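Trainee: Could you walk me through this structure, please? I'd like to go one topic at a time.

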Amino acid sequence: MQEGFFLNMKKLFAIILANLLAGFLVAQDDVDAMRYSQTAAYGDSRFMAMGGSFGALGANVSCMNFNPAGIAMFRKGEFVFTPGVRIQNTSTVHYDSSTADFSTKLNVANAGFVYTWDQANPYPTQSKLYPNWNERNAIGISYNRLSDFNFNTTINGTAANSSIINDFVNSANGYYPSQLNGTYEWLAYQTYLINPNFSTPSDSNHYFGMMLPNTPLKQQKVIKQTGRMSEIAFSFAHSFSDKFYLGATLGIPKVIYNRNSTYTEVDSKKGSADGYIFPFKSLKYEEQLLTTSTGLNANLKVGAIYRLSEQFRIGAYIHSPSVINLSDNYQYKMTATYDTSITSSGSVYTQDYTGFYKYKMYTPARGGASVAFVYKKLLAVNADVEYVGYNMAKYKTSDNALEGVNLSIQKKYTGTANVRVGAELNTGSLIIRAGYAGYGSPFGAFTGKFARSSYSAGVGFKRKSNTYFDLGLIYTTWKEDYYLYSDSPATSITNSIIYFTATIGIKFN
């Protein structure tokens, strides 16, 4: 009887299901938008050791990616190369079960050069106008890492009265099988985890789940992410009599993001009656996603620095939204296992869904103001305050399929502030550096969940030649809530990153 029930159900919807692959419901959401909107203070070791705080200080290759006016302060050309080692740790708590995971990665944080030249005095040398002519130009090209997506996260716990199957039912209710999301509830439908409510013959758009309430379930999700968001920067800056500096950068952002996740639920306590009525044993929901940037992507950064005196400088900068063309290649797979055969096909059912999608991402604009104090060549201190409007992030597609996500971003997120402070002490043979960076949550708070804090330090070794060597260390930590599915209780996640970098620099001309 049970087998005939499911066979009749499949026969009834065979024609409708044949059309499913023609439909597509996109899987991008507001979380993906925040991934490409949040950046960190990557650069050379000196820059990172001072918390990325150089908005008014200048004279650093990494300024191209923040306040490009800073490269006009160079007196000589300079080349830098900065490799690093990144160690990531994640601790999760789900239903009072704690799990730790980690990953390590070698990468390049920054590489680039700046070239400067003096501009010829257009006035006759005997002229009383501009007798102390001092105009200088600077150009630069750099590669800079903006964000790092290398994370391993493992979540474990036993749920007493919660299941992703209920979420499949809630997502499917009100929709006919041909309207179900191919990356989510349709997979559950095809593997018998959810089934139409045939107690009412005409009710084919409401569903029940193949599991009894109050069933203890062992839940696990393993997420492995790799990739980065980086930028190639082309900069030009000009110094007006070493008093006022203007600069601009054309940035070409690049994205590669790869996520593989596996979610499992296992019925940890079965009874004979349960096995006959609802013979659910386990499910496995797998996701593979590869996102890459394509075509021409760009943003514009402009900045200015003004010397108030020999000791004090102020600066300001504005970054336009980044326009990034993205393409997704994805595969979702569902495997359901039952204690008994529920159709003539057996007790294990598998269904996958693959696809490709192209869209455009606009990251939010940002602007900042800075102040710096310099005491001879002994001490330098800089502070930056930056505003980012995360609610301005948005998607754009040819069919406007993501307008609902854009509305969610506008309602869910808001503007926030980032603060960076750094100091440098020159002891003679050794330069000591320290810094702090606080990144506000996209929800607006500067502390608490989703707000990041970075603590940094480093040293520089002076040499008599035109080469130098710097070391930097950054420790970043934040907490967040993660939801396995929409009505799942929050999983508490604590993230920490230790990033060690080394820079070799060469000065020329």
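## A hairpin and its neighbours

Mentor: Strand 7 and strand 8 form a hairpin with 3 residues between them, and S241 in that turn has a positive phi of about 55°. Strands here, like helices, are DSSP runs numbered from the N terminus (H or I and at least four residues for a helix, E and at least two for a strand).

Trainee: Before we go on, what kind of model is this?

Mentor: This is a predicted model, in which local features need pLDDT of at least 70 and side-chain atom pairs count only at pLDDT 80 or more, while totals for chains, interfaces and linings use all residues. Residues are numbered from 1 along each chain as its sequence is written, and side-chain values use heavy atoms, with hydrogens and water left out.

Trainee: Okay, back to the hairpin: how many bridges join strand 7 to strand 8?

Mentor: There are 24 bridges between strand 7 (residues 217–240) and strand 8 (residues 244–267), and the two run antiparallel. Two strands count as paired if DSSP finds at least two bridges between them. As an example, S239 has Y245 in strand 8 as its bridge partner.

Trainee: And which residue in strand 9 is the bridge partner of R259?

Mentor: That partner is L289. Strand 8 is joined to strand 9 (residues 280–307) by 19 bridges, and this pair also runs antiparallel.

Trainee: What about D242, is that one buried or exposed?

Mentor: D242, in the loop between strand 7 and strand 8, is buried, with a relative accessible area of 12%. The word buried means under 20% relative accessible area, exposed means over 50%, and partly exposed is in between (1.4 Å probe, protein chains only). Phi of D242 is near 50°, a positive value in a residue other than glycine.

Trainee: Where is Y95, and what is its phi near?

Mentor: Y95 is found in the loop between strand 1 and strand 2 (97–119), and its phi, near 50°, is positive although the residue is not glycine. Most residues other than glycine have a negative phi. At 32% relative accessibility, Y95 counts as partly exposed.

Trainee: Changing topic, which residues have the most contacts inside the largest nonpolar core?

Mentor: They are L193 and I194, in a core of 55 residues. The largest share of this core, 7 residues, comes from strand 11 (residues 323–338). A nonpolar core is a set of buried Ala, Val, Leu, Ile, Met, Phe, Trp, Tyr and Cys residues joined through side-chain atoms within 4.5 Å. Apart from it lies another core, of 34 residues, among them F66, A72, M73 and A372.

Trainee: What does L193 touch?

Mentor: Not counting residues up to four places away in sequence, L193 touches a list of residues including I165, F168, F208, M210, F280 and Y338. Contact here means heavy atoms within 4.5 Å.

Trainee: Now helix 8, which residues are buried there?

Mentor: In helix 8 (residues 403–412), V405, N406 and I409 are buried. They cover an arc of only 105° around the axis, which puts them on the same side of helix 8; the arc is that of the directions from the helix axis to the C-beta atoms. The buried residues of helix 8 pack against helix 3 (30–37) and strand 15 (394–396).

Trainee: Last topic, how many cavities of 30 Å³ or more are there?

Mentor: The count comes to 2, and about 220 Å³ of space lies in the largest cavity. Of the 18 residues that line the largest cavity, the closest to its centre are T39, L146, K301, H319 and R366. On a 1 Å grid over the protein atoms alone, a cavity is a set of points where a 1.4 Å probe fits but cannot get out, and a pocket is an open set with protein on both sides within 12 Å along at least five of seven lines; lining residues have an atom within 4 Å of a point. Grid points are joined across faces, edges and corners, and a volume is the space filled by probe spheres set on the points.

Trainee: And how much space lies in the second largest pocket?

Mentor: About 1300 Å³. The second largest pocket is lined by 39 residues, of which R46, A59, K377, E424 and K507 lie nearest its centre.
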